[in-house]
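User: Got a minute to walk me through a structure? I'd like to go over it piece by piece.

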Amino acid sequence: MKSILRGAIAALALTAAGSVAQAADLKACFVYVGPVGDFGWSYQHDQGRLAVEEHFGDRVETAYLESVPEGPDAERAIERFARDGCGLIFTTSFGYMNPTIKVAKKFPDVKFEHATGYKTADNVATYNSKFHEGRYIIGQIAAKQSKTGVAGYIASFPIPEVVSGINAFMLGAQSINPDFKLKVVWVNTWFDPGKEADAAKALIDQGADIITQHTDSTAPLQVAQERGVHGFGQASDMINFAKDAQYTAIIDDWAPYYIERVQEVLDGKWHSHSAWDGIAEGHVVMAPYTNLPDDVVEMAKATEAKIKGGWEPFTGPITKQDGTEAAADGVRLEDGAILGMNWYVKGIDDKLPQ
Amino acid sequence: MFEAVLLTVITAATPLLIAAVGELVVERSGVLNLGVEGMMIMGAVVGFAVANQTGSGSLGVVAAIVAGMAMSALFGFLVLILVTNQVASGLALTILGLGLSGMIGEAFIGVPGLRLPELYIPVLSEIPFVGPVFFQQDALVYVSFLLVGAVSYMLFKTRAGLILRAVGDNHVSAHALGYSVVRVRFMAILFGGACAGLAGAYMSLAYTPQWVENMTAGRGWIALALVVFASWLPFRVVAGAYLFGAVTVLTFHAQAQGLGIPSQFLSSLPYLATIAVLVLISANRRLTLVNTPACLGKPFVPDR
């Protein structure tokens with residue numbers, strides 16, 4: 001009896017020691033605002049997480065929470081991760097900004113990365129992608145391809161990131177067709193396929209023959225496919241849902257950034273920053289150009305190369321909707337102005353909700 | 001263009017209509033089933049899954065109905081046999097449905113769906129304006145019209161409907177008269193579940209042919225509210241569903257027109273409009289009181 005007991009204790013101790021020895025060096029945790037299966041925004045973040053897992057193998061353990069609503073629930077979720085031993089937490093939506101800062105204050109040893117926000121702290125970094133570069137390109141394609149000269153834009157919330165996307169799209173379109181018209185519908189949600197489909201139908205009924213979106217589901221493109229118009233995928237390649245309707249998509253590739261930051265934590269070199277990279281650094285990728293004539297593809301690729309070479313789509317002359325000048329000829333708009341954009345460019349007839 | 005708007009209004013209103021009519025029958029029998037959202041989403045995922053695996057939209061619809069009925073059967077067992085609190089059980093059903101559907105649906109995320117074909121009724125759909133709007137819709141829209149007519153006829157013109165309403169108004173007397181309250185209510189609950197499942201199938205097979213988690217996005221709760229809005233009268237449910245659907249669609253058109261109305265206000269407009277109309281039509285208190293099932297939500301335990 002005694003020997004069995006001793007044997008059991010020894011076995012237990014060994015397994016305990018063994019499991020400790022196999023523990024990962026870092027636990028990286030991810031908070032998503034939508035389901036991983038949205039095949040858009042959150043899906044792409046999860047692809048980044050999977051890339052981290054693949055790259056680092058056993059050294060890094062990952063965890064994620066999906067469909068966490070922005071607001072008080074978010075704070076609870078982030079805090080739970082911090083308590084669970086996560087060393088690096090990625091909060092992937094603008095609305096997580098204040099919860100992240102709050103939790104970061106309570107856990108100074110945990111590092112936080114907040115996507116698309118603007119508040120940083122010693123242990124909170126922000127990261128963003130220059131999606132507007134992609135928007136400029138699709139704006140150009142839209143102006144070239146549209147027969148009615150009207151595009152429909154399904155927008156989520158009037159935050160600077162969305163507004164700068166709309167403006168960049170318009171500037172791209174205006175560079176081809178100065179009289180291009182844009183109709184914007186605000187659905188006040190990041191993800192509601194039914195509502196997005198309704199908005200797309202309304203826009204098409206109003207004369208738009210190009211649909212683009214800043215929401216996360218594939219519903220608008222599906223509607224475009226059914227109605228015989230065209231559009232652009234958002235955040236990931238949605239060609240499977242709209243074989244004949246998708247021209248291209250703006251794909252967010254978070255993998256290189258995530259791997260880089262995890263490596264920095266492992267090396268002890270992590271520090272807070274505001275990262276903002278785009279096509280040049282490979283954080284924004286255009287999906288293969290489909291359903292387009294060759295000359296339009298050439299034009300798009302040429303613009304891509306131009307942006308890779310350092311050209312900023314928000315380069316003057318840019319006039320605001322109220323007539324004032326935002327940037328003079330040849331002058332680049334400052335980063336701060338783009339990140340805090342709350343005005344429309346001239347040519348958009350709508351009023352911007354405040 | 002007005003025709004196109006009307007078409008989208010009909011498609012937006014149909015899932016609400018079907019789910020609400022089912023819930024109306026359940027509530028007329030005296031049971032308050034708050035699980036409509038859960039049953040709807042289960043219908044959506046099962047319908048999509050079966051349609052995807054078998055390649056047949058009709059089989060998907062049938063499977064969705066069965067799934068809705070299965071969920072409601074569970075609810076029926078809880079509230080009729082075990083006599084648990086109806087409100088709590090309904091809420092639990094919703095939460096169960098939402099989670100279970102997410103689990104089942106994981107394999108189907110990102111899979112393009114198949115859409116139910118439209119049915120063209122030969123001569124009638126050629127009529128200039130009314131034709132395409134009313135006679136060139138997918139099958140489930142016609143089912144929704146038929147459903148409302150059938151439920152209205154059954155409730156007010158048949159003996160079965162009379163018994164149902166009697167059970168809902170005074171289950172003690174109905175029991176004393178010899179009617180099996182539990183059996184009547186269970187059948188009503190199954191019917192409500194079938195309708196909710198059908199409404200869910202409409203969402204994932206006709207409205208936006210895909211599956212994403214939470215795709216009903218609260219429509220079950222709106223259907224529930226519409227039943228009360230309609231004072232438990234089938235044709236008023238139609239009015240409510242179409243009002244809600246119309247205002248939702250019109251807010252998008254208003255935005256697309258560039259009318260400059262704040263979009264946040266427009267988002268709340270469908271709910272505000274429904275409340276406003278509710279206040280107006282509730283002016284006739286007698287009508288409301290006459291139609292409210294007096295035993296709604298009350299548990300029934302016969303003294304043996």
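Analyst: Sure, let's take the overall scores, then each chain, then the contact between the chains.

User: What are the ipTM and pTM of the model?
Analyst: This is a predicted model, and it scores ipTM 0.75 and pTM 0.79.

User: And what does chain B average in pLDDT?
Analyst: Chain B averages 88, and 93% of its residues score at least 70.

User: Which elements of chain B have the lowest and the highest mean pLDDT?
Analyst: Helix 5 of chain B, residues 130–135, has the lowest mean at 64, while helix 7 of chain B, residues 159–169, has the highest at 95. As a rule, coordinates shouldn't be read in detail where pLDDT is low.

User: OK, chain A now. How many helices and strands are there?
Analyst: Chain A has 11 helices and 14 strands. Its radius of gyration is 23 Å, close to the 20 Å that the globule rule gives for 354 residues, so chain A is as compact as a globular protein of that length.

User: What does the C-alpha trace of chain A span along its principal axes?
Analyst: About 90 × 40 × 35 Å.

User: How much of chain A is buried?
Analyst: 50% of the 354 residues of chain A count as buried. As for contacts in chain A between residues at least 6 apart in sequence, 64% join residues at least 24 apart.

User: Tell me about the open sheet in chain A. What's the strand order?
Analyst: The order is 2-1-3-4-5-11, so to speak from one edge to the other, with 6 strands and parallel pairing. Strand 2 (60–65) and strand 11 (274–277) of chain A are at the edges with a single partner strand each, so one side of each has no neighbour in the sheet. Ignoring direction, neighbouring strands of this sheet are turned by 20° against each other on average.

User: How many bridges are there between strand 1 and strand 2 of chain A?
Analyst: Strand 1 of chain A, residues 26–31, pairs with strand 2 of chain A over 6 bridges, in the parallel sense. A:Phe30 has A:Tyr64 in strand 2 of chain A as its bridge partner, and A:Val31 stands opposite A:Leu65 in that strand.

User: What about strand 1 and strand 3 of chain A?
Analyst: Those two run parallel and are joined by 4 bridges. A:Val31 turns up here too: its bridge partner in strand 3 of chain A is A:Thr91.

User: Which strands does helix 3 of chain A lie across?
Analyst: Helix 3 of chain A (residues 72–83) lies across strand 1, strand 2 and strand 3 (88–91) of chain A, and runs at about 165° to strand 3 of chain A.

User: And helix 4 of chain A? Which strands does that one lie across?
Analyst: Helix 4 of chain A (residues 97–106) lies across strand 3, strand 4 (111–115) and strand 5 (124–129) of chain A, at about 170° to strand 4 of chain A.

User: Switching to chain B. What's the secondary structure?
Analyst: Chain B has 13 helices and 0 strands. The radius of gyration of chain B is 19 Å, close to the 19 Å from the globule rule for 304 residues, so chain B is as compact as a globular protein of that length.

User: What box do the C-alpha atoms of chain B fill?
Analyst: Roughly 65 × 50 × 45 Å, taken along the principal axes. Of the 304 residues in chain B, 48% are buried. Among contacts in chain B with a separation of 6 or more, 78% are between residues 24 or more positions apart.

User: I was looking at B:Cys295. Is that residue buried or exposed?
Analyst: B:Cys295 is buried, with 21 other C-beta atoms within 10 Å. B:Cys295 sits in the segment after helix 13 (285–291) of chain B.

User: Which residues does B:Cys295 touch?
Analyst: Leaving out residues up to four places away in sequence, B:Cys295 touches B:Gly30, B:Gly168, B:Asp169, B:Asn170 and B:His171.

User: Last topic: how many residues does each chain bring to the contact?
Analyst: Chain B brings 31 residues and chain A brings 31 residues. On the side of chain B that touches chain A, helix 1 (2–28), helix 9 (181–207), helix 11 (234–257) and helix 12 (263–281) of chain B each supply at least two residues. The largest share of that side, 7 residues, is from helix 11 of chain B.

User: How do the residues of that side of chain B divide?
Analyst: Into 16 nonpolar, 13 polar and 2 charged.

Note on methods. Residues are numbered from 1 along each chain as its sequence is written. Chains are lettered from A and ligands numbered from 1 in the order in which they are written. This is a predicted model: local features need pLDDT of at least 70, side-chain atom pairs count only at pLDDT 80 or more; totals for chains, interfaces and linings use all residues. Two residues are in contact if their C-beta atoms, placed from the backbone, lie within 7 Å. Ala, Val, Leu, Ile, Met, Phe, Trp, Tyr, Cys and Pro count as nonpolar, Asp, Glu, Lys and Arg as charged, and the others, Gly among them, as polar. Two strands pair if DSSP finds at least two bridges between them. Axes are lines fitted to C-alpha atoms, for helices over the stretch in contact, and angles run from 0 to 180 degrees between N-to-C directions. pLDDT is the predictor's confidence in each residue, from 0 to 100. The radius of gyration is taken over C-alpha atoms; the globule rule is 2.2 Å times the number of residues to the power 0.38. A residue is buried if 20 or more other C-beta atoms lie within 10 Å of its own, exposed if 12 or fewer, and partly exposed in between; C-beta atoms are placed from the backbone.
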